[in-house]
Amino acid sequence: MFKPFEHVSRKIITDIDKYVKEEIIDKVKNELSDKYAFDRMLVGSARKNLVVTDKDGMFDLDYHLILSLNSTDYNAKASVIKSDVHHAFQKLWVTIPRIPQ
């Protein structure tokens with residue numbers, strides 16, 4: 001566990017980003033592969049290596065999911081795409097291994 005307001009190292013961010021990609025994002029991509037193709041991009045403080053823990057020693061990483069022109073439903077309404085992606089995350093949530101503390 002981290003201390004409150006402690007800087008999170010680039011190595012930890014990289015390790016967690018790899019875990020998120022392999023255990024979460026790739027599974028969602030597979031779930032949606034018949035309709036959408038997308039990639040993820042780390043954004044915000046993690047992209048700039050400025051992640052700091054909160055008062056409880058916790059932190060988060062923020063991502064943009066970038067929809068590809070190769071998606072079969074690229075022209076779908078944004079609300080439909082959002083709903084499909086949200087549903088895929090919810091469906092997989094119970095199967096995703098938790099990051100060890």
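The legends below describe close-up views of a predicted model of one protein chain.

**Figure 1. Overall architecture of the protein chain, with 2 helices and 2 strands.** Read along the sequence, the elements follow the pattern α-β-β-α. The C-alpha atoms fill a box of roughly 45 × 30 × 20 Å along the principal axes. Of the 101 residues, 27% count as buried. The accessible surface comes to about 7,100 Å², and carbon and sulfur atoms account for 56% of that area. Among contacts with a sequence separation of 6 or more, 74% are between residues 24 or more positions apart.

**Figure 2. Helix α1 and the elements that cover its buried residues.** Helix α1 comprises residues 10–32. A kink of about 40° is present in this helix, centred on Lys-21. The buried residues of α1 are Ile-13, Ile-16, Asp-17, Tyr-19, Val-20, Ile-24, Ile-25, Val-28 and Leu-32. Several of the intervals in such a list can be read against helix geometry: because an α-helix has 3.6 residues a turn, residues three or four places apart point the same way. The cover over the buried residues of α1 includes β1 (38–43), β2 (62–67) and α2 (78–93).

**Figure 3. Surroundings of Asp-17 in helix α1.** Asp-17 has a relative accessibility of 15%; since buried means under 20%, this residue counts as buried. The side chains of Asp-17 and Arg-40 are joined by a polar contact of 3.5 Å. When neighbours within four places in sequence are set aside, the contacts of Asp-17 are Arg-40, Leu-42, Leu-61 and Tyr-63. Arg-40 therefore appears both as a contact of Asp-17 and as its polar partner, which follows from the 3.5 Å contact between the two side chains.

**Figure 4. The largest nonpolar core, a set of 19 residues.** The residues with the most contacts inside this core are Ile-13, Val-28, Leu-32, Ala-46, Val-51 and Leu-61. Elements giving two or more residues to the core are α1, β1 and α2. Of these, α1 gives the most, with 7 residues. In soluble globular proteins, nonpolar side chains tend to be buried together.

**Figure 5. Contacts of Ile-13, a buried residue of α1.** Ile-13 is among the residues with the most contacts inside the largest nonpolar core. Not counting residues up to four places away in sequence, Ile-13 touches Val-8, Leu-42, Ala-46, Asn-49, Val-51 and Leu-61. Ala-46, Val-51 and Leu-61 are likewise listed among the residues with the most contacts inside the core.

**Figure 6. Surroundings of Ile-81 in helix α2.** The relative accessibility of Ile-81 is 15%, and the residue counts as buried. Once residues up to four places away in sequence are excluded, Ile-81 touches Tyr-36, Leu-67, Asp-73, Tyr-74 and Ala-76. Leu-67 lies 14 residues from Ile-81 along the chain, and the C-alpha atoms of the two are separated by 9.4 Å.

**Figure 7. The aromatic pair of Phe-2 and Phe-59.** The structure holds 1 aromatic pair. Its rings, those of Phe-2 and Phe-59, have centres 5.5 Å apart and planes at 75°, so the arrangement is edge-to-face. Phe-2 lies in the segment before α1 and Phe-59 in the loop between β1 and β2, so the pair ties together parts that are 57 residues apart in sequence. Both rings belong to partly exposed residues: Phe-2 has a relative accessibility of 26%, and Phe-59 has a relative accessible area of 22%.

**Figure 8. Backbone at Phe-5, a residue with positive phi.** Phe-5 has a phi of about 60° although it is not a glycine. This residue is located in the segment before α1. Phe-5 is exposed, with a relative accessible area of 60%.

**Figure 9. Backbone at Asn-49, in the loop between β1 and β2.** Asn-49 is not a glycine, yet its phi is positive, at about 60°. With 24% relative accessibility, Asn-49 counts as partly exposed. Asn-49 is also one of the residues touched by Ile-13.

Notes: Residues are numbered from 1 along each chain as its sequence is written. This is a predicted model: local features need pLDDT of at least 70, side-chain atom pairs count only at pLDDT 80 or more; totals for chains, interfaces and linings use all residues. Side-chain values use heavy atoms; hydrogens and water are left out. Helices (H or I, at least four residues) and strands (E, at least two) are DSSP runs, numbered from the N terminus. Buried means under 20% relative accessible area, exposed over 50%, partly exposed in between (1.4 Å probe, protein chains only). A polar contact is a pair of N or O atoms within 3.5 Å; within protein, one must be able to donate a hydrogen and the other to accept it, and residues adjacent in sequence count only if both atoms are side-chain atoms. Contact means heavy atoms within 4.5 Å. The bend at a residue is the angle between axes fitted to the seven residues ending there and the seven starting there. Rings of Phe, Tyr and Trp (its six-membered ring) pair if their centres lie within 6.5 Å; planes under 30 degrees apart count as stacked, over 60 as edge-to-face and the rest as tilted. A nonpolar core is a set of buried Ala, Val, Leu, Ile, Met, Phe, Trp, Tyr and Cys residues joined through side-chain atoms within 4.5 Å. Accessible areas come from the Shrake-Rupley method with a 1.4 Å probe; for residues, only the protein chains shown count as cover.
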